[in-house]
Amino acid sequence: DVIWATAAPVSSFVLGRRLCEGTGIPNALDFRDSWTITYNEFEDRRPLWAKQYEHRRMYRLIQGAKSVVFRFRAEAECYWRAYEGALQASKIYIIPNGYEGSITEFVPPERQKCQILYTGTLADYRYDTLLQALQILKETRSEVAEQLHFHFVGEGADTLSKAAASVGVSNMITTQGPTSHEEVTKLSKEAHALLILGRPANMRGYELFAAAKLFGYLKLGMPIIGVLPQDETKNVLLQLDVPTVADVDCVPEIVAVLRFLRDAWLQERLPYLLPRASGCKNYSAEYQTDNLVRALEGKPACEPYIPGTVNLPPSLRFEIAQRAGEFNRRKAPN
């Protein structure tokens, strides 16, 4: 009935289109990341002619699709403007990443310290201001600092460990390299809250980022501490009424959130910090399935996309204007 092509890799879109042309079966494109729009190390090394060729090909792929799925409205707006004229609003569907199964019931573990867990790679994430906040807590509110403990698991933890030592907060942090899913599950059950970080602001398109771990965190049904820029991760947490979200560039705000968490732990009020359960259901596979079926069948989206209702991310405005301008110049008659 329909050819469903999901990227990455982007080449799956090309194969989907060729199958569409060879069989007459319509194809749907499913973007599970902002391919060709946001920063990509490989793409940034490519020569200009290759980027221009890729832009023209992506234009044709989007233009010929029966439907196109994006994760966020801001992401859809980026493609709408970068590939001006290729998309029809009625063909756009917004389906964010999510989780499968039911949300776990949160039972705060009995421990002598409030345990905050971070899982996943650290190399491309910002934690410098978090460490500064811990340093301030240690120097000004030692009783709070002594009751907080962070455990980082994943690639790059050794670099964070050295950074923590340089600001004198090693006693508040333990690190561990990549481990098994079973071990991560065990560590999660021993934690009182989960930490999530954001990409640095010098990374093009960081505003469209929402780590896959965010949706795994939602499924665990635990308090979430967000130290984030103005990105989609923050948007999701705020929409779910999470009270423990701090601006990554505001150290006093991070300090305040950590103190708030510690007080909630001390007063046994951690369940009040949980993401709103009714909102979390919007990210479940069961809820998203209907939207996906509508996209594959070409039926109207549950919530139609309206162009121009969201702003372009600041870090992408020049890039998108440049892409659109270059493409329009090439389309113009000599």
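Q: Let us start at the end of a helix: which residue follows α9, and what is the sign of its phi?
A: In this predicted model, helix α9 is followed by Gly 221, and the phi of Gly 221 is positive, near 65 degrees.

Q: Which residues of α9 are buried, and against which elements do they pack?
A: The general idea is that an α-helix has 3.6 residues a turn, so residues three or four places apart point the same way. In α9, which spans residues 212–220, the buried residues are Lys 213, Leu 214, Phe 215, Tyr 217 and Leu 218. The partners against which these buried residues pack are the strands β5, β8 (193–197) and β9 (224–228), together with α10 and α12 (277–280).

Q: How should I read a strand such as β6, and how many of its residues are buried?
A: It helps to take the cover of the strand before its pairing. Strand β6 covers residues 148–153, and six of its six residues are buried. On one side lie Leu 148, Phe 150 and Phe 152, and on the other His 149, His 151 and Val 153, so that both faces of β6 are covered.

Q: Which strands pair with β6, and in what sense, parallel or antiparallel?
A: Strand β5 (residues 114–119) pairs with β6 in the parallel sense over six bridges, and in that pairing Thr 119 has Val 153 of β6 as its bridge partner. Strand β7 (residues 173–176) also runs parallel to β6, the two being joined by four bridges, with His 151 finding its bridge partner in Thr 174 of β7.

Q: What unit do β6, helix α7 and β7 make?
A: Reading along the chain, β6, helix α7 (residues 157–166) and β7 make a β-α-β unit, and this unit is right-handed.

Q: How many aromatic pairs are there, and how are the rings of Phe 70 and Tyr 79 arranged?
A: To judge a ring pair, one takes the distance between the ring centres and the angle between the planes, where an angle under 30 degrees counts as stacked. The count comes to ten aromatic pairs. For Phe 70 and Tyr 79 the centres are 4.8 Å apart and the planes lie at 25 degrees, so this pair is stacked; both Phe 70 and Tyr 79 are buried. Phe 150 and Phe 152 also form a stacked pair, at 6.2 Å centre to centre and with 15 degrees between the planes, and these two residues are buried as well. Ring pairs further link Phe 13, Phe 31, Phe 70, Tyr 79 and Tyr 83 into a cluster.

Q: How many salt bridges does a search of the whole structure find, and which parts does the pair of Arg 73 and Glu 303 tie together?
A: The search finds 16 salt bridges. One of them joins the side chains of Arg 73 and Glu 303, at 3.4 Å from N to O. Arg 73 lies in helix α4 (residues 73–82), whereas Glu 303 lies in the loop between α13 (285–297) and α14 (317–331), so the pair ties together parts that are 230 residues apart in sequence. Arg 73 counts as partly exposed, at 25% relative accessibility, while Glu 303 counts as exposed, at 52%.

Q: Are the partners in the salt bridge of Arg 71 and Glu 75 buried or exposed?
A: The side chains of Arg 71 and Glu 75 meet at 2.8 Å, N to O, and both residues are buried. In the salt bridge between Asp 263 and Arg 262, the closest N and O atoms are 2.9 Å apart; here Asp 263 is partly exposed at 26% relative accessibility, but Arg 262 is buried, with a relative accessible area of 11%. Salt bridges can also share partners, as they do in the network that joins Arg 46, Glu 54 and Arg 57.

Q: Which side chain of opposite charge is nearest to Glu 232, and how far away is it?
A: Glu 232, found in helix α10 (residues 232–239), is buried yet has no salt bridge, the nearest side chain of opposite charge being Arg 71, 8.0 Å away. To set this against the cut-off, a salt bridge calls for a nitrogen within 4 Å of a carboxyl oxygen. Leaving out residues up to four places away in sequence, Glu 232 touches Phe 72, Ala 74, Glu 207, Leu 208, Phe 209 and Ala 210.

Q: What is Arg 259 in contact with, leaving aside its neighbours within four places in sequence?
A: Arg 259 has its place in helix α11 (residues 251–266) and is in contact with Leu 137, Arg 141 and Val 144, its neighbours within four places in sequence being left aside. Arg 259 is partly exposed, with a relative accessible area of 34%.

Key:
Residues numbered from 1 in each chain as written. Predicted model: local features only at pLDDT ≥ 70, side-chain atom pairs only at ≥ 80, totals over all residues. Heavy atoms only, no water. Buried < 20%, exposed > 50% of the residue type's maximum accessible area, 1.4 Å probe, protein only. Lys, Arg positive; Asp, Glu negative; His and termini not counted. Contact = heavy atoms within 4.5 Å. Pairing = 2+ DSSP bridges. Right-handed = clockwise from strand over helix to strand, strands pointing away. Phe/Tyr/Trp six-rings, centres within 6.5 Å; stacked < 30°, edge-to-face > 60°.
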